[in-house]
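Subject: Structure for you to look at

Hello,

Here is the structure I said I would pass on. Please open it alongside this message.

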Amino acid sequence: MEMRDQVVVVTGGASGIGKALALQCAAEGAAGILIADLDAEGADAVAREIGPAAVGVLCDVADPDHAHKLIAAAAEAFGGRPVDVFFANAGIAVGDGLGDPGEWALAVDVNVAAHVVAARALLPGWLERGRGTFVCTASAAGLLSQIGSAPYAVTKHAAVAFSEWLSITYGGQGVQVACLCPMGVATPLLETAGTAGRVVRASGPVLAPAEVAEVVMGTLRTGEFLILPHPEVLDYLRHKGTDYDRWIGGMRRLQAAILSEAP
Ligand SMILES: NC(=O)c1ccc[n+]([C@@H]2O[C@H](COP(=O)([O-])OP(=O)(O)OC[C@H]3O[C@@H](n4cnc5c(N)ncnc54)[C@H](O)[C@@H]3O)[C@@H](O)[C@H]2O)c1
């Protein structure tokens with residue numbers, strides 16, 4: 001799909017990858033961009049940077065009604081137009097090690113349940129119109145694993161699984177689904193992600209959010225499901241599929257090597 005003239009929603013759009021996605025949508029001629037974030041001031045600031053095509057709104061994706069509210073806000077902001085493209089991008093990295101019950105609940109709500117809620121709200125209109133694009137920001141952790149955080153590893157796997165399911169189920173009815181799975185990206189999340197952040201920073205190149213957004217737009221044009229700003233993730237996934245036990249052994253060695261170094 002081409003971004004020109006599309007009405008777009010970006011959750012988590014006040015910062016990092018979401019902000020870069022919003023800016024790139026604007027550069028490619030989107031008709032309207034709703035920037036939705038818990039950080040309302042940050043969302044407004046990104047909207048001001050873009051100009052009249054963008055509007056910032058306060059949004060908590062853990063609210064089970066958030067997607068209906070965003071669809072209504074987009075219609076109000078952009079002349080009654082429906083949402084064409086939804087970037088389910090807001091995400092959190094909580095829970096060092098096993099994590100505690102509160103961290104698990106939050107990670108499930110924000111990193112997984114929010115995507116289900118959004119799809120439920122968007123699909124009826126998209127199926128009626130025969131078109132719509134859902135882009136889920138998962139992570140390479142959702143294809144491989146996340147050393148240092150069980151809640152992040154597991155909820156990102158669930159996000160990939162849900163995206164696959166959506167594509168299998170609705171891809172033949174005009175709904176494009178894509179799943180973004182980067183390794184390290186230079187954002188506040190990476191700095192505050194505890195052991196997991198430390199491991200990601202030591203595991204490979206850390207890209208700028210703008211580089212990621214460019215790869216996202218390119219992959220949306222070609223229509224592929226997996227968006228891989230770090231192409232090596234596909235090699236790691238192949239290793240995992242070829243010999244699971246060998247891959248787990250390699251991950252153990254990587255963990256020992258990184259965690260034995262001074263932070
Ligand atoms: N940075 C990385 O290395 C990296 C790697 C792989 C995947 N990701 C994923 O990318 C996505 C974006 O993260 P980022 O790195 O740009 O981080 P970021 O911290 O820069 O941005 C995340 C944004 O989401 C918002 N947010 C958090 N919880 C929210 C909620 N409940 N409702 C609405 N907004 C909420 C935050 O306020 C923030 O503006 C996340 O899903 C993250 O898991 C990041």
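Below is what was found, taken in turn from the sheet to the ligand shell and two individual residues.

The model is a predicted one, so please read what follows in that light.

The sheet

The sheet is open and has seven strands, paired in parallel and ordered E3-E2-E1-E4-E5-E6-E7. At its edges are strand E3 (54–58) and strand E7 (226–227); each has a single partner strand, so one side of each lacks a neighbour in the sheet.

Further in, strand E1 (residues 7–11) runs parallel to E4 and is joined to E4 by three bridges. Within that pairing, Val10 has Phe87 of E4 as its bridge partner. E4 also pairs with E5, in the parallel sense, over four bridges, and here Phe86 is matched with Phe134 in E5. Strand E4 (residues 85–88) is covered on both faces: Val85 and Phe87 lie on one side, Phe86 and Ala88 lie on the other, and all are buried. Next along, strand E5 (residues 132–137) and strand E6 (residues 175–180) form a parallel pair with six bridges, in which Cys136 is opposite Cys179 of E6.

The core

The largest nonpolar core has 79 residues, and those touching the most other members are Val9, Ala22, Ile33, Ile35 and Phe134. The element that gives the most to this core is helix H4 (residues 101–129), with 10 residues. As for Ile33, its contacts beyond four places in sequence are Val8, Val10, Ala22, Cys25, Ala26, Ile50, Ala53 and Ala54.

Helix H1

Helix H1 covers residues 16–27; at 1.5 Å a residue its 12 residues should span 16 Å, and the 17 Å between its end C-alpha atoms agrees with this. Of these 12 residues 11 are buried, so H1 is largely enclosed by the rest of the structure. Among the buried ones are Gly16, Lys19, Ala22, Gln24 and Cys25. Just past the end of H1, Gly29 has a positive phi of about 90°.

The ligand

Which residues are closest to the ligand? Of the 31 residues that surround the ligand, the closest are Gly12, Gly16, Gly91, Thr187 and Leu189. Two elements, H1 and helix H6 (188–191), give two or more residues each to this shell. Sorted by class, the shell holds 16 nonpolar, 12 polar and three charged residues.

Two partly exposed residues

Ala73 belongs to helix H3 (residues 66–77). With 18 other C-beta atoms within 10 Å, Ala73 counts as partly exposed. Its contacts, leaving aside neighbours within four places in sequence, are Leu34 and Val57. Between Ala73 and Val55 there are 9.2 Å from C-alpha to C-alpha, and the two are 18 residues apart in sequence.

Leu38 sits in the loop between strand E2 (32–37) and helix H2 (40–50). Leu38 is also partly exposed, having 17 other C-beta atoms within 10 Å. Beyond four places in sequence, Leu38 touches Cys59 and Asp60. Leu38 and Met217 are 179 residues apart in sequence, and their C-alpha atoms are 25 Å apart in space.

Regards

Definitions and conventions. Residues are numbered from 1 along each chain as its sequence is written. This is a predicted model: local features need pLDDT of at least 70, side-chain atom pairs count only at pLDDT 80 or more; totals for chains, interfaces and linings use all residues. The expected span of a helix is 1.5 Å times one less than its number of residues. A residue is buried if 20 or more other C-beta atoms lie within 10 Å of its own, exposed if 12 or fewer, and partly exposed in between; C-beta atoms are placed from the backbone. A residue is near a molecule or strand if its C-beta atom, placed from the backbone, lies within 6 Å of it. Ala, Val, Leu, Ile, Met, Phe, Trp, Tyr, Cys and Pro count as nonpolar, Asp, Glu, Lys and Arg as charged, and the others, Gly among them, as polar. A nonpolar core is a set of buried Ala, Val, Leu, Ile, Met, Phe, Trp, Tyr and Cys residues joined through C-beta atoms within 7 Å. Two residues are in contact if their C-beta atoms, placed from the backbone, lie within 7 Å. Two strands pair if DSSP finds at least two bridges between them.
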